[in-house]
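Open your viewer, pick a cartoon style and keep the selection box at hand. The stops below each begin with something to select.

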Amino acid sequence: MVSPYQQTYAQRALKQTNPAAKALLETMERKKSNLAVSVDVTKTKDFLAIIDVVGPFTHVDVLEDFEHSLIQQLQDLSKEHDFVIFEDRKFADIGNTVALQYSSGVHKIASWSHITNAHPVPGPSIVTGLASVGLPLGRGLLLLSEMSTKGALTTGVYTEEAVRMARARRDFVIGFIAQRRMDGFGLREGEVADEDEDFLILTPGVGLHAKSDGMGQQYRTPKEVVVDSGCDVIIVGRGIYGTDLNLTEDIANRAKEYREKGWEAYLQRISS
């Protein structure tokens with residue numbers, strides 16, 4: 001059987017049972033883009049302007065002027081520009097608490113975000129809690145099995161347990177925030193990986209012109225991430241929107257550069 005590493009996004013979409021995973025793969029194939037733009041800004045005006053230019057991976061909890069009308073604008077842009085919304089919430093509490101955080105509160109994330117993520121630290125109950133809200137809505141969850149910052153503790157047993165948690169809930173956990181493919185991770189002695197296993201790997205710490213940011217973040221090129229490590233989606237933030245959020249033309253040009261490099265790496269991978 002051909003590894004997911006060598007299959008096209010369209011081929012992989014056909015096997016997905018989770019609606020969010022299927023939608024993401026189909027959108028990537030349709031748009032010829034494996035770029036997710038991390039929009040980490042504090043003003044709604046800048047937030048929407050960047051999204052209108054490049055499409056989002058969001059952090060609504062850092063907005064200083066959040067209003068509920070923003071969500072409708074975000075959903076409208078999602079339809080207009082054909083993108084999937086990923087709210088980078090990083091849930092990290094017991095099942096009952098995260099279920100409430102996901103469904104209720106100020107942001108009501110489950111009602112509009114196709115995909116969200118969580119730390120596996122609390123154990124399987126965090127997946128159970130989030131799934132109780134998200135699964136009926138067709139949402140998908142990513143577990144943080146690795147991080148891109150220097151000295152991160154997301155290694156070894158931690159990563160293996162994250163993968164085991166995901167395998168136990170493949171109906172809702174669609175993949176990982178990680179630095180490499182998770183194929184074969186977490187298998188105990190005598191266990192064999194399911195041939196149909198295909199978790200998506202979304203990878204932060206991607207940069208074309210820098211290797212670090214002076215605050216612990218480490219960067220790799222799209223080729224290193226997609227070809228060498230087998231990851232599926234490159235996550236880029238400051239490398240695209242920079243320091244002047246008013247320069248939307250420059251932001252669009254940088255997004256185009258990353259999009260082309262990411263897709264070029266993907267085509268190289270599936271043809272190898």
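Before setting off, keep in mind that this is a predicted model.

**Stop 1: strand 8 and its neighbours**

Select residues 233–236, which form strand 8. Show the side chains and turn the strand to look at each face. Val 233 and Ile 235 lie on one side, Ile 234 and Val 236 lie on the other, and all four are buried, leaving both faces covered.

Now add residues 35–39, which are strand 1. Strand 1 runs parallel to strand 8, and three bridges join the two. To find one of these pairings, zoom in on Leu 35, whose bridge partner in strand 8 is Ile 234.

Next, bring in strand 7, residues 200–203. Strand 7 also pairs with strand 8 in the parallel sense, over two bridges. Here the residue to click is Leu 202, which stands opposite Val 233 of strand 8.

To see how the chain gets from strand 7 to strand 8, add helix 8, residues 222–228. Together, strand 7, helix 8 and strand 8 make a right-handed β-α-β unit.

**Stop 2: a second crossover**

Select strand 3, residues 86–91, together with strand 4. These two strands run parallel and are joined by three bridges. Phe 86 is a good place to centre the view, with Ile 115 of strand 4 opposite. Add helix 5 and you have another right-handed β-α-β unit, made of strand 3, helix 5 and strand 4.

While you are here, pick Lys 108, in the loop between helix 5 (95–103) and strand 4 (115–118). Lys 108 is not a glycine, yet its phi is positive, at about 50 degrees. Its relative accessible area of 38% makes it partly exposed.

Compare Lys 32, which sits in the loop between helix 2 (19–31) and strand 1. Its phi is also positive, near 55 degrees, again in a residue other than glycine. Is Lys 32 buried or exposed? With a relative accessible area of 51%, Lys 32 is exposed, because the class begins over 50%.

**Stop 3: the nonpolar core**

Select Leu 130, Leu 143, Phe 176 and Ile 240 and show them as spheres. These are the residues with the most contacts inside the largest nonpolar core, which has 76 residues. Which element gives the most to this core? It is helix 10, with six residues.

Then expand the selection around Leu 130. Beyond its close neighbours in sequence, Leu 130 touches Phe 91, Val 98, Tyr 102, Ala 118, Leu 135, Leu 141 and Phe 172.

**Stop 4: salt bridges**

The model holds 16 salt bridges; here are three to visit.

- Select Asp 82 and Arg 30. Their side chains meet in a salt bridge of 2.9 Å, N to O. This pair links distant parts of the chain, with Asp 82 in the loop between helix 4 (69–81) and strand 3, and Arg 30 in helix 2, 52 residues apart. Asp 82 is partly exposed, at 28% relative accessibility.
- Select Asp 232 and Arg 269, whose salt bridge is 3.1 Å, N to O. Asp 232 lies in the loop between helix 8 and strand 8, while Arg 269 belongs to helix 10, 37 residues apart. Both Asp 232 and Arg 269 are buried.
- Select Glu 260 and Lys 256, where the closest N and O atoms are 2.6 Å apart. Both lie in helix 10, four residues apart, about one turn of the helix. Glu 260 is partly exposed at 42%, and Lys 256 is partly exposed at 40%.

Go back to Asp 232 and Arg 269 and add Arg 12, Arg 181, Asp 183 and Asp 198. These residues are linked in a network of salt bridges.

**Stop 5: two loop residues**

Select Glu 197, in the loop between strand 6 (173–177) and strand 7. Although it lies in a loop, Glu 197 is buried, with a relative accessible area of 8%. A polar contact of 2.6 Å joins its side chain to that of Arg 167. Leaving out residues up to four places away in sequence, Glu 197 touches Pro 4, Arg 167 and Arg 170.

Finish at Leu 247, in the loop between helix 9 (238–241) and helix 10 (248–271). Leu 247 is partly exposed, with a relative accessible area of 40%. Draw a distance from its C-alpha atom to that of Ile 50: the two are separated by 9.7 Å, although they are 197 residues apart along the chain.

Terms used:
Residues numbered from 1 in each chain as written. Predicted model: local features only at pLDDT ≥ 70, side-chain atom pairs only at ≥ 80, totals over all residues. Heavy atoms only, no water. Buried < 20%, exposed > 50% of the residue type's maximum accessible area, 1.4 Å probe, protein only. Pairing = 2+ DSSP bridges. Right-handed = clockwise from strand over helix to strand, strands pointing away. Polar contact = N/O pair within 3.5 Å; in protein donor to acceptor, adjacent residues only side chain to side chain. Contact = heavy atoms within 4.5 Å. Core = buried A, V, L, I, M, F, W, Y, C linked by side-chain atoms within 4.5 Å. Salt bridge = Lys/Arg side-chain N within 4 Å of Asp/Glu carboxyl O.
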